[in-house]
Amino acid sequence: MTTTSAQTTTSAQTAAQPPVTVTVIGLGEMGLALAHAFLDGGHPTTVWNRTPEKADSLVAKGAVRAATVREAVAAGSVVVVSVKGATTARELLDASGDALSGRAVVNLTDGTSAEARAVADWVEGRGAQYLHGQIMTIAPGVGGADSVVFYGGSASVHDRFRPVLRRIGGRGTLIGEDAGVPALYGMAVHGTMWGTLNGFLHAAALLSSEGIEVKRFLDDAQASMAALLASFPMIADEVDRGEYATEYGALQHHRPSVEDLVRESAARNIDAEFPRYTLELVNKAVEEGFGGDSYARLVEHFRK
Ligand SMILES: NC(=O)c1ccc[n+]([C@@H]2O[C@H](COP(=O)([O-])OP(=O)(O)OC[C@H]3O[C@@H](n4cnc5c(N)ncnc54)[C@H](OP(=O)(O)O)[C@@H]3O)[C@@H](O)[C@H]2O)c1
């Protein structure tokens with residue numbers, strides 16, 4: 001590809017531009033990791049935390065400790081918020097008064113989708129732009145090339161501050177303009193994770209009651225476990241279409257296996273509540289006449 005002189009001038013100018021100034025409100029486990037990542041990336045960083053001493057390690061690295069939220073918000077082109085709870089996030093931003101107007105807010109504070117939307121509306125009502133981020137890593141993963149962040153809100157903030165956002169996680173995705181959706185994405189991952197982990201840990205209890213090492217099981221059952229994860233796109237497709245007809249492996253064929261798991265668990269004095277709940281769902285669907293449908297049919301139970 002050839003480069004025009006105009007393109008060369010533009011990239012040189014971009015390279016010469018001073019790094020974006022960042023403000024971080026909230027220096028808990030996550031906020032601290034974020035502020036360190038911005039400093040490491042060469043961004044002049046101003047921080048504020050209710051407990052000011054938590055900024056000591058950052059100040060030693062060159063961060064500015066703001067005395068007030070207002071001072072902090074006024075210092076950064078982009079204001080990153082990471083505190084406990086949407087109400088706290090909003091109250092802190094409110095304390096910045098008219099300094100908020102014209103700023104770009106990237107709120108990484110977890111909550112429900114409705115809470116994120118409410119904060120977004122409130123921030124925009126104060127003349128600032130809003131981007132919500134759902135961080136899918138723990139603090140040591142901040143800045144990692146594979147660390148995932150789901151974003152929703154202002155595309156302009158997302159595009160303008162790309163280099164800053166890259167410092168949060170290398171795999172950031174702007175899902176859309178709705179600030180509430182990242183929370184739903186996060187919950188979808190976490191909900192699947194907890195359900196899967198509960199199933200796996202129940203299985204681990206079952207195996208270890210027989211003296212079988214769980215690691216050994218994983219080695220032997222690798223292909224079965226991989227096939228399980230590989231089935232998600234097919235299930236997603238059935239759910240999206242609302243069509244569950246299947247030729248093989250229907251709910252009526254799951255039922256005896258779930259019954260066996262319940263009986264085996266009970267016989268070994270292992271908590272059978274988890275498979276029993278599965279059995280309840282399967283039984284209900286079969287009794288309602290859906291025994292010939294695929295397992296994905298159970299989404300209709302949760303929809304109710
Ligand atoms: N830690 C993680 O691995 C992780 C991963 C993904 C997402 N997150 C999300 O990141 C956000 C921050 O989590 P965290 O783990 O950093 O929490 P944390 O360690 O418990 O810190 C909480 C932060 O909120 C501040 N805060 C709480 N109540 C406040 C109030 N009433 N007024 C002013 N400041 C207040 C705390 O200030 P003080 O220092 O003064 O107490 C602190 O800065 C949460 O939404 C969390 O769900 C965390």
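This note describes the ligand site, the two largest pockets and the cavity of a predicted model.

1. The ligand and its nearest residues. The shell around the ligand comprises 21 residues, and those that come nearest are Met30, Asn49, Thr51, Lys54 and Asp110. Sorted by class, this shell holds 8 nonpolar, 8 polar and 5 charged residues. Two helices, α2 (29-40) and α5 (86-94), each contribute at least two residues to the shell.

2. Polar atoms facing the ligand. Three separations involve an oxygen atom of the ligand. A side-chain N or O atom of Lys54 lies 2.6 Å from a ligand oxygen. For Asn49, the distance from a ligand oxygen to an N or O atom of the side chain is 2.7 Å. Glu29 takes part through its backbone, where a polar atom is 2.9 Å from an oxygen of the ligand. As to the surface of the ligand, 900 Å² is exposed when the ligand is taken alone, and the protein buries 77% of that area. Asn49 and Lys54 are thus listed both among the residues that come nearest to the ligand and in these side-chain distances, at 2.7 Å for Asn49 and 2.6 Å for Lys54.

3. The pocket that the ligand occupies. Which pocket does the ligand take up? The ligand fills space in the second largest pocket. The volume of the second largest pocket is about 740 Å³. Its lining consists of 27 residues, with Gly28, Met30, Ser82, Val83 and Lys84 closest to the centre. Met30 is also one of the residues that come nearest to the ligand.

4. Composition of the second largest pocket. The lining of this pocket has 10 nonpolar, 12 polar and 5 charged residues. At least two lining residues come from each of α2, α5 and β6 (129-135). Helix α2 provides the largest share, with 3 residues.

5. The largest pocket. About 2,000 Å³ is the volume of the largest pocket. Among its 44 lining residues, Gly195, Thr196, Leu228, Phe232 and Tyr295 are the closest to the centre. By class, 28 of the lining residues are nonpolar, 15 are polar and 1 is charged.

6. Helices around the largest pocket. Which helix gives the most to the lining of the largest pocket? Helix α9 does, with 11 residues. The elements that each supply at least two residues to this lining are α9 (181-208), α11 (222-230), α12 (232-241), α13 (251-267), α14 (273-290) and α15 (299-303).

7. The cavity. How many cavities of 30 Å³ or more does the structure hold? There is 1 cavity of that size, and about 60 Å³ of space lies within the largest cavity. Its lining includes Asn107, Thr109, Asp110, Gly111 and Thr112, and, among others, His132, Gln134 and Ala183. The lining divides into 4 nonpolar, 6 polar and 2 charged residues. Helix α6 (113-125) and strand β6 each supply at least two of the lining residues, and α6 gives the most, with 3.

8. Elements and residues that recur. Asp110 is among the residues that come nearest to the ligand, and Asp110 also lines the largest cavity. Strand β6 supplies at least two residues to the lining of the second largest pocket and at least two to that of the largest cavity. Helices α2 and α5 appear in the shell around the ligand and in the lining of the second largest pocket.

Notes: Residues are numbered from 1 along each chain as its sequence is written. This is a predicted model: local features need pLDDT of at least 70, side-chain atom pairs count only at pLDDT 80 or more; totals for chains, interfaces and linings use all residues. Side-chain values use heavy atoms; hydrogens and water are left out. A residue is near a molecule or strand if one of its heavy atoms lies within 4 Å of it. A polar contact is a pair of N or O atoms within 3.5 Å; within protein, one must be able to donate a hydrogen and the other to accept it, and residues adjacent in sequence count only if both atoms are side-chain atoms. Accessible areas come from the Shrake-Rupley method with a 1.4 Å probe; for residues, only the protein chains shown count as cover. On a 1 Å grid over the protein atoms alone, a cavity is a set of points where a 1.4 Å probe fits but cannot get out, and a pocket is an open set with protein on both sides within 12 Å along at least five of seven lines; lining residues have an atom within 4 Å of a point. A molecule sits in a cavity or pocket if more than half of its atoms lie within 2 Å of its grid points. Helices (H or I, at least four residues) and strands (E, at least two) are DSSP runs, numbered from the N terminus. Ala, Val, Leu, Ile, Met, Phe, Trp, Tyr, Cys and Pro count as nonpolar, Asp, Glu, Lys and Arg as charged, and the others, Gly among them, as polar. Grid points are joined across faces, edges and corners, and a volume is the space filled by probe spheres set on the points.
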